[in-house]
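Here are some notes on this one, jotted down while going through the cavities, the pockets and a few surface features. Have the model open as you read.

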Amino acid sequence: MTAPPDIARTVVGIIGNIISGAMFLSPLPTFIEIWKKGSVEQYSPIPYLATLLNCMVWTLYGLPMVNPHSILVVTINGSGSVLELIFVTLFLIYSDGKKRLKVILWLLLELAFVAVLTFVTLTQVHTIKKRAEIVGTISILFNVMMYASPLSVMKLVIKTKSVEYMPFYFSLASFGNGVAWTTYALIRFDPFITIPNGLGTLLAVAQLVLYATYYKSTQRQIAARNANKEVNLSHVTVCNGSEQSKPNH
């Protein structure tokens, strides 16, 4: 018979999978906008590269030969790896040459790192406990990196007083994701999941506070920019009309 804590942990894990799935899909509106504009503009690739690395390492952590009874960790992070790889690919397509090269180099480094970590863990470390400790410790670092990756964007937000390039839904989903997985890890205490997701929850709260603080100033900036575009367009139209109405000599 399954113990109540195990049932609760499974239920929370399923909820965590759903919220994590929403978090991984949250950049979709951003990439639709990038596709329409044909450029990544000032959007940063760092959150997507950090999330990809995080997902790949957590997929390794959840494998039965590394940390048994963690299939829900594998399902969501395996799916997240695929989605983030798609987003990074789209970022590559719509980046300029210099930015594209940087993204390619980081992507190759990440894939090489995960390949080496997997090989060493599964062939050189011979106990499940030791494997879980090694991969779990590394997972903490990369999970914190994933949650902290928007810090560069947060700096831009404070500097420009605009949240235009800090995706709201990603921050909101990060908050829900952190809460769900912290709860999951506390039911049957797992420090490797508790620590990064607890920190991630706090960082997500900071992002949401910034969003609330600068939302109105962002709308004013966008409105002013659109108004300037309309003025410039009308000026061009008037000038063209004047030139066409000049009499021929």
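1. Let me start with the second largest cavity, which holds about 110 Å³ of space. Keep in mind throughout that this is a predicted model. The residues lining this cavity are Tyr43, Ser44, Pro47, Tyr48, Pro150, Val153, Tyr165, Met166, Pro167, Phe170, Ser171 and Gln207. Helices α3 and α8 each put at least two residues into that lining. By class, the split is nine nonpolar, three polar and no charged.

2. Now the largest cavity, with about 160 Å³ of space. Its lining runs to 15 residues, and those closest to the centre are Trp58, Asn77, Asn143, Trp181 and Asn197. Two or more lining residues come from each of α1 (4-25), α3 (46-62), α4 (71-93), α6 (128-148), α8 and α9. Charged residues are absent here too: the lining has nine nonpolar and six polar residues. In total, there are three cavities of 30 Å³ or more.

3. On to the open spaces. The largest pocket has a volume of about 410 Å³. Of its 17 lining residues, Ile46, Leu49, Lys102, Trp106 and Glu110 are the closest to the centre. Helices α3, α5 (97-124) and α6 each give two or more residues to this lining, and α5 has the largest share with eight. Twelve of the lining residues are nonpolar, one is polar and four are charged.

4. Which residues lie nearest the centre of the second largest pocket? They are Glu33, Glu164, Pro167, Phe168 and Tyr211, out of 16 that line it. The pocket holds about 340 Å³. At least two lining residues come from each of α2, α8 and α9, with α9 giving the largest share, five residues. The class split is ten nonpolar, four polar and two charged. Note that Pro167 also turns up in the lining of the second largest cavity, so have a look at that residue from both sides.

5. Glu33 deserves a second look. Its side chain meets that of Lys37 in a salt bridge, at 3.0 Å from N to O. Both residues sit in helix α2 (residues 28-37), four residues apart, or about one turn of the helix. Side chains of opposite charge can pair when their charged atoms come close. The whole structure has two salt bridges by this search.

6. What do Phe175, Val179, Val205 and Val209 form on the surface? These four make up a nonpolar patch with about 280 Å² of accessible area together. Helices α8 (168-187) and α9 (191-245) each supply at least two of the patch residues, and Val209 is one that lies in α9.

7. Finally, the record. An unreviewed UniProt entry lists "transmembrane region" for residues 12-34, 46-64, 70-94, 103-122, 134-154, 166-187 and 193-215. I checked two of these spans against the model. Residues 166-187 are 91% helix and 0% strand, with the end C-alpha atoms 33 Å apart. For residues 193-215 the figures are 100% helix and 0% strand, and the end C-alpha atoms lie 32 Å apart.

How values were computed:
Residues numbered from 1 in each chain as written. Predicted model: local features only at pLDDT ≥ 70, side-chain atom pairs only at ≥ 80, totals over all residues. Heavy atoms only, no water. Patch = residues over 30% accessible without salt bridge, like charges linked within 9 Å, V, L, I, M, F, W, Y side chains within 5 Å. Areas by Shrake-Rupley, 256 points an atom, 1.4 Å probe, with all protein chains shown as cover. UniProt positions renumbered as here; feature names shortened; annotations may be inferred. 1 Å grid on protein atoms, 1.4 Å probe; cavity = no way out; pocket = protein on both sides within 12 Å on 5 of 7 lines; lining within 4 Å. Points joined across faces, edges and corners; volume = space filled by probe spheres on them. Nonpolar A, V, L, I, M, F, W, Y, C, P; charged D, E, K, R; others polar.
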